[in-house]
Amino acid sequence: MEILSPIQQVASAVDVSKTGIQLSLDHWLSADTVCDLRITTHSGRTMHKRVRVIWTRREGKHCVSGLEVVGSIAPHAPERD
């Protein structure tokens, strides 16, 4: 899983449901922050979702954030020269 905005970072999914995701990551995400994610499933399928941070807590050296899925987004198009 990768956060595309407002920061760029690879994160690990702790728990995933139809309406929410729990991520483990290196950075703190403040409540109500809206993030764009790229999710790659075990089968290789890629999805792009927009989420809102509900909560974040520290767990050792990492942070765990609870995210609410608020919609799907179009994938970012590669830049052309």
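These are my notebook entries on what I looked up in this predicted model.

**Entry 1: the whole chain**

I began with the secondary structure and found that the protein comes to 0 helices and 7 strands, so I went on to write down the order of the elements, which from the N terminus on runs β-β-β-β-β-β-β.

Next I looked up the dimensions, and along its principal axes the C-alpha trace of the protein spans about 40 × 25 × 20 Å. I then asked what radius of gyration the protein has beside that of a compact globule. With 81 residues such a globule would have a value near 12 Å, and because the protein has 13 Å, I noted that the two agree.

**Entry 2: burial, surface and charge**

I looked up how much of the chain is covered, and buried residues make up 30% of the 81 residues. The surface that the protein exposes is about 5500 Å², and carbon and sulfur atoms supply 48% of it. For the charged side chains I wrote down 10 positive and 9 negative ones, with the centres of the two sets lying 5 Å apart.

I also checked how contacts are spread along the sequence: among those between residues at least 6 apart, 41% join residues at least 24 apart.

**Entry 3: Ile39**

I then turned to Ile39, which is found in strand β5, covering residues 34-40. Is Ile39 buried or exposed? Its relative accessibility is 11%, and because buried means under 20%, Ile39 counts as buried.

Leaving out residues up to four places away in sequence, I listed what Ile39 touches, namely Met1, Ile21, Arg45, Thr46, Met47 and Lys49. I also looked up its distance to Ser24, and Ile39 and Ser24 are 14 Å apart in space, C-alpha to C-alpha, while being 15 residues apart in sequence.

**Entry 4: Thr56**

My last residue was Thr56, which lies in strand β6, made up of residues 46-59. At 15% relative accessibility Thr56 also counts as buried, because this value is under the 20% cut-off.

Which residues does Thr56 touch, not counting those up to four places away in sequence? I found Trp28, Leu29, Cys63, Val64 and Ser65. Two of these names came up again when I looked at polar atoms: a polar atom of the Thr56 side chain lies 2.5 Å from the backbone oxygen of Leu29, and the side chain of Thr56 makes a polar contact with the side chain of Ser65 at 2.8 Å.

Technical notes
Residues numbered from 1 in each chain as written. Predicted model: local features only at pLDDT ≥ 70, side-chain atom pairs only at ≥ 80, totals over all residues. Heavy atoms only, no water. Helix = DSSP H or I, 4+ residues; strand = E, 2+ residues; numbered from the N terminus. Buried < 20%, exposed > 50% of the residue type's maximum accessible area, 1.4 Å probe, protein only. Contact = heavy atoms within 4.5 Å. Rg over C-alpha atoms; globule rule 2.2 N^0.38 Å. Areas by Shrake-Rupley, 256 points an atom, 1.4 Å probe, with all protein chains shown as cover. Lys, Arg positive; Asp, Glu negative; His and termini not counted. Charge placed at Lys NZ, Arg CZ, Asp CG, Glu CD. Polar contact = N/O pair within 3.5 Å; in protein donor to acceptor, adjacent residues only side chain to side chain.
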